[in-house]
Amino acid sequence: MMKLTQDEKNKLKKFQDRYPLLLELAKLSGVSSLELLMTVLDYKPAVADAINYTVELKRDIPRIKDLAQQLGLFFATSKYKYIVNSPRGIFEEIPLNDMQLGKIILAFSKFQDKAHKGAIYYHEKMLNSEYGYKFGKLMGYPECCLRFGNYLNNNICDPNNFGFKNPAVESLKRSKHFVWQLNVFTVSPIPHYPCSLTCKKSVNYVNKLLISLEYLDKERSVSLKTYLTEPASLYWTYADRILLYGTFKQKLLGEGEIQYHKIYPILISESIYQKVDKQQINQWHQIEKFLRIGNRLMVNDKFIRIYYNRERILEFSKENKYIPLLIKPDILPKNK
Ligand SMILES: [Zn+2]
């Protein structure tokens with residue numbers, strides 16, 4: 001495991017007392033506590049996200065501003081709300097006081113101009129692919145991953161651009177192996193999609209995150225590490241996956257079989273997006289139901305099958321060989 005420098009240790013020591021404020025900020029704003037932490041500790045320059053602009057969020061904005069200030073962060077918001085259609089991320093812009101539910105963009109940085117740009121670029125990148133790079137640069141993503149991200153830009157507005165819809169799968173296609181720190185298929189510890197599932201720069205970022213978290217919040221670091229290393233993931237999109245715990249046998253990266261004793265569904269498209277494909281979501285919930293009855297799941301490039309002991313209880317053919325994947329890192333920590 002990576003060691004902290006004396007400078008990093010001093011910074012953590014100085015910050016320790018304010019860590020609860022950061023957790024409160026993450027809770028009220030809906031912005032990732034991990035990304036906020038990495039911003040406060042200077043491992044990344046800024047963080048921005050689109051969050052449902054609810055009555056509660058509106059009420060909490062002054063407190064969010066106050067907490068950000070106590071953490072040494074500037075805070076900026078978009079001047080409009082946005083309606084997001086799953087999974088393409090196409091935006092419709094509406095006024096903040098419109099009755100429809102929409103997302104507001106919240107951005108934080110130690111630099112005022114970066115917080116301000118964060119709130120603007122997040123929206124611009126949906127309309128103009130040039131801003132995909134600019135936004136990623138502003139957020140401090142590694143250059144190799146930014147170049148990979150350029151490929152994902154939907155320059156010709158192709159509604160079926162698979163990479164644009166499912167960047168984790170594009171990372172997988174560029175990978176021979178899959179290191180546990182970059183487990184974007186369970187609970188991702190990184191804010192971007194890595195250029196490959198072994199990207200060194202991204203692994204360094206996660207190591208810094210885990211070692212800082214271990215110092216500040218032992219329990220959280222253990223729980224994050226468990227998500228990264230233990231379950232296999234039946235993965236459709238970043239908002240829709242079912243984690244399975246048991247004995248996993250990989251056939252190819254993304255295909256295999258698991259004898260499982262516990263499942264943990266994370267199917268949250270409906271709470272993230274304003275518009276979703278109901279039929280697809282119903283199918284995922286049906287699979288979830290049968291996984292609860294069964295104890296073995298097999299996924300290859302053509303179908304997914306659920307078994308209870310030897311009996312096959314459900315089978316679906318796949319429309320795309322990558323959706324869904326059954327995947328687990330093949331490079332795990334030494335003690336696992
Ligand atoms: Zn990379």
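This is a short walk through the structure shown above, from its domains down to single residues.

Hi everyone, thanks for coming. One thing up front: what we have here is a predicted model. Let me begin with the overall layout.

The protein chain is split into three parts: domain 1 covers 17–140, domain 2 covers 143–225, and domain 3 covers 230–327. Between domain 2 and domain 3, the C-alpha centres are 20 Å apart. Where those two meet, eight residues of domain 2 contact 11 residues of domain 3. And what sort of residues does domain 2 put on that side? Five are nonpolar, three are polar, and none is charged.

Now to the interior. As a reminder, in soluble globular proteins nonpolar side chains tend to be buried together. In this model the largest nonpolar core has 74 residues, and the members touching the most others are Ala48, Ala107, Phe108 and Leu297. Let's take Ala107 as an example. Setting aside neighbours within four places in sequence, Ala107 contacts Ala46, Val47, Ala48, Ala76, Ala115, Gly118 and Ala119.

Three of those partners, Ala115, Gly118 and Ala119, appear again among the buried residues of helix H5, so let's go there. H5 runs over residues 112–127, and its 16 residues reach 24 Å from first C-alpha to last, close to the expected 22 Å. At Tyr121 the helix bends by about 30 degrees. The buried residues of H5 also include Lys114, Lys117, Tyr121, Tyr122, His123 and Met126. A general point for reading such lists: an α-helix has 3.6 residues a turn, so residues three or four places apart point the same way.

Next, helix H4, residues 55–70. How far apart are its end C-alpha atoms? They are 24 Å apart, which agrees with the 22 Å that 16 residues should span at 1.5 Å a residue. Within H4 there is a kink of about 50 degrees at Ile61, shortly before the proline Pro62. The buried residues of H4 are Ile64, Leu67 and Ala68. Their cover includes helix H2 (19–29), strand S2 (74–77) and strand S5 (103–109). Just after H4 comes Gly72, with a positive phi of about 75 degrees.

Let me turn to a few single residues, starting with Leu36 in helix H3, residues 33–40. Is Leu36 buried or exposed? It counts as buried because it has 22 C-beta neighbours inside 10 Å, and the cut-off for buried is 20 or more. Beyond residues up to four places away in sequence, Leu36 touches Leu22, Leu25, Ala26, Val31, Val47 and Phe108. For a sense of distance, the C-alpha atoms of Leu36 and His261 are separated by 35 Å, with their positions 225 residues apart along the chain.

Ser196 sits in the loop between helix H9 (167–173) and helix H10 (200–216). Despite being in a loop, Ser196 is buried, with 21 other C-beta atoms within 10 Å. Its contacts, leaving aside neighbours within four places in sequence, are Ser171, Arg174 and Ser175. Glu170 is 26 residues from Ser196 in sequence, and their C-alpha atoms are 8.4 Å apart.

Then there is Asn150, in helix H7, residues 143–152. With 14 C-beta neighbours inside 10 Å, Asn150 counts as partly exposed. Leaving out neighbours within four places in sequence, Asn150 is in contact with Gly132 and Tyr133. Measuring C-alpha to C-alpha in the model, Asn150 and Phe303 are 31 Å apart, at a sequence separation of 153 residues.

Last topic: backbone geometry. Most residues other than glycine have a negative phi, and most peptide bonds are trans. Which way does phi go at Asp42? It is positive, about 70 degrees, although Asp42 is not a glycine. Asp42 lies in the loop between H3 and strand S1 (46–52), and it is exposed, with 11 other C-beta atoms within 10 Å.

Asn309 also has a positive phi, about 50 degrees, and is not a glycine either. You'll find Asn309 in the loop between strand S10 (303–308) and S11. Asn309 counts as exposed because it has 9 C-beta neighbours inside 10 Å.

Finally, have a look at the peptide bond between Ile323 and Pro324: it is cis, with omega about -5 degrees. Pro324 is in the loop between strand S11 (311–317) and strand S12 (325–327).

That's my tour. Thanks for listening, and I'm happy to take questions.

Key
Residues are numbered from 1 along each chain as its sequence is written. This is a predicted model: local features need pLDDT of at least 70, side-chain atom pairs count only at pLDDT 80 or more; totals for chains, interfaces and linings use all residues. Domain bounds come from an automatic or database domain assignment. Two residues are in contact if their C-beta atoms, placed from the backbone, lie within 7 Å. Ala, Val, Leu, Ile, Met, Phe, Trp, Tyr, Cys and Pro count as nonpolar, Asp, Glu, Lys and Arg as charged, and the others, Gly among them, as polar. Helices (H or I, at least four residues) and strands (E, at least two) are DSSP runs, numbered from the N terminus. The expected span of a helix is 1.5 Å times one less than its number of residues. The bend at a residue is the angle between axes fitted to the seven residues ending there and the seven starting there. A residue is buried if 20 or more other C-beta atoms lie within 10 Å of its own, exposed if 12 or fewer, and partly exposed in between; C-beta atoms are placed from the backbone. A nonpolar core is a set of buried Ala, Val, Leu, Ile, Met, Phe, Trp, Tyr and Cys residues joined through C-beta atoms within 7 Å.
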